[in-house]
Amino acid sequence: MTTSAPTDTLAERFATARQVADAVLFEGYVLYPYRASAAKNRLRWQFGVLVPPRWGADRAEPSHQRTECLMEARAGARLRAELRFLRAQRRTVQRLRPDGTFETVPELELPDRVLVPWDEGVEERCPVDVPVAELAGDGVTVPFTRPAGEETEPVHDADGRQVGRLVRRRAEISGTLRLTARELAGPYAVQQLTATVTNSSDWQPGPDADDRDAALPRSLVAAHLLLGLTAGRFLSQTDPPEWARGAVADCRNEHAWPVLAGPPGSADVVLSAPIILADHPAIAPESPGALYDALEIDEILTLRTAALTDQEKREARGTDPRAAEVIALADGMPPEVLERLHGAVRELRAATGPDPTPEPARPDTPWWDPGADDSVDPLTDRITVDGRPVGAGSRVALRPGRRRTDAQDLFLHGRTARVEAVLHDVDGGVHLAVTVEGDPGADIRREQGRFLYFQPDEVAPLEDE
């Protein structure tokens with residue numbers, strides 16, 4: 001077993017996957033308006049936190065993370081794993097006294113920033129490279145430790161005179177990464193890979209320091225794994241081949257979910273993250289930098305960040321270097337880049353047949369007036385599902401499709417609902433607006449017209465009409 005960094009094609013796949021993994025690593029790290037004083041930035045570190053076992057025993061946060069997935073490793077294949085997490089580094093601010101000593105202060109004003117106490121996230125990696133053949137039986141267990149430490153950084157004013165310093169303290173962190181694999185019975189040469197990350201700290205909370213704030217510096221934050229095969233492939237946990245569905249269902253994942261990473265069509269790298277992702281997640285190409293969302297919401301964030309007052313921007317710059325980068329990015333974004341964030345077409349549906357020649361329209365004519373279109377009526381239209389007519393008032397069982405729904409919809413699988421309307425979109429799609437039976441807020445949803453929407457193949461009629 002070695003711990004060297006991969007240097008071949010797999011290394012390039014890891015580099016691509018890290019673009020998404022970085023978004024996982026810093027999800028919620030510092031939220032708009034990027035100031036330490038903002039209420040939303042006072043309760044941090046929400047994803048993938050593995051706490052010391054003696055602190056988390058009677059609390060809701062775990063000390064371990066377990067990933068299980070299937071792989072088809074070829075002869076001589078090696079498994080490369082990279083555990084990544086943030087380490088909370090506590091930063092305090094001190095002012096220089098006239099006598100040359102330092103005193104801890106709640107803030108230190110500088111011309112361009114306001115320095116305040118803050119927990120900085122330091123990225124840590126634990127790489128492992130091991131032959132797949134060595135993962136049988138007890139497998140491989142890799143312990144790791146990051147020692148405690150303290151550093152100081154002088155702070156100078158605009159004239160170059162020292163006016164204070166930043167003191168950064170780190171607590172000791174220790175853990176283990178265990179990798180095992182076992183052959184599954186059957187005609188297919190497939191193995192179940194298990195990767196377990198554990199916080200093994202022996203830190204004992206004291207009577208004066210037993211809250212979450214005390215445990216965080218000894219925790220693995222936003223912990224996630226990159227797994228790669230030098231020869232072979234992983235099977236999707238979300239959309240496995242039919243023959244593997246039973247084995248995939250037997251996999252046990254705790255506090256993490258593995259997805260295929262890298263370019264679409266590739267299957268030699270898996271990202272196991274504490275945030276549910278789809279296979280082959282990617283950063284939106286319109287994102288110009290680390291705004292910590294990296295999606296269309298960047299436009300809103302950019303505009304709102306640019307509108308912060310000068311004092312708010314000074315505090316944001318002093319909160320964290322990454323927050324300072326966001327301020328600089330928003331302030332310096334060229335108009336053409338900002339315009340590029342304003343919507344994007346990601347998929348085009350093929351159309352067949354000639355387009356009908358439209359009648360010339362008056363300039364004040366709306367492109368579509370649903371009130372004047374007699375061809376559709378959400379309250380009376382009926383569609384056929386499983387050979388039965390379905391429309392407003394119909395009772396249906398919900399069966400959300402996995403490929404186009406989200407986790408919230410999946411929670412409703414098997415629940416019964418009432419169809420409130422049948423809606424047709426301009427692309428020819430049909431959507432059923434429903435309210436869930438037993439939902440205490442159904443009357444309010446109906447009154448406000450705020451329904452849940454499913455497609456016809458995601459429901460099953462419960463009765464004939």
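## Cys251 and Cys69

Cys251 counts as buried in this predicted model, because its relative accessibility is 12% and the cut-off for buried is under 20% relative accessible area. Cys69 is likewise buried, with a relative accessible area of 1%.

A disulfide is a covalent bond between the sulfur atoms of two cysteines. The structure holds 0 disulfides, and Cys69 takes part in none, the nearest cysteine sulfur being that of Cys251 at 6.9 Å. Seen from the other side, the closest cysteine sulfur to that of Cys251 is the one in Cys69, and the 6.9 Å between them is too far for a bond, since a disulfide requires the two sulfur atoms to be within 2.5 Å.

## The open sheet

An open sheet is formed by 5 strands, arranged in the order β21-β20-β19-β18-β22 with antiparallel pairing. Because β21 (452–454) and β22 (459–461) stand at the edges and each have a single partner strand, one side of each is left without a neighbour in the sheet. From one strand to the next, the twist averages 50 degrees.

The pairing of β22 with strand β18 (residues 395–398) is antiparallel and consists of 3 bridges; within this pair of strands, Leu398 stands opposite Val459 in β22.

## Tyr34 in its loop

Tyr34 belongs to the loop between α1 (9–25) and α2 (53–56), and this residue is buried, with a relative accessible area of 1%. Although Tyr34 and Glu315 are 281 residues apart along the chain, their C-alpha atoms are separated by 8.3 Å.

Terms used
Residues are numbered from 1 along each chain as its sequence is written. This is a predicted model: local features need pLDDT of at least 70, side-chain atom pairs count only at pLDDT 80 or more; totals for chains, interfaces and linings use all residues. Side-chain values use heavy atoms; hydrogens and water are left out. Two strands pair if DSSP finds at least two bridges between them. Helices (H or I, at least four residues) and strands (E, at least two) are DSSP runs, numbered from the N terminus. Axes are lines fitted to C-alpha atoms, for helices over the stretch in contact, and angles run from 0 to 180 degrees between N-to-C directions. Buried means under 20% relative accessible area, exposed over 50%, partly exposed in between (1.4 Å probe, protein chains only).
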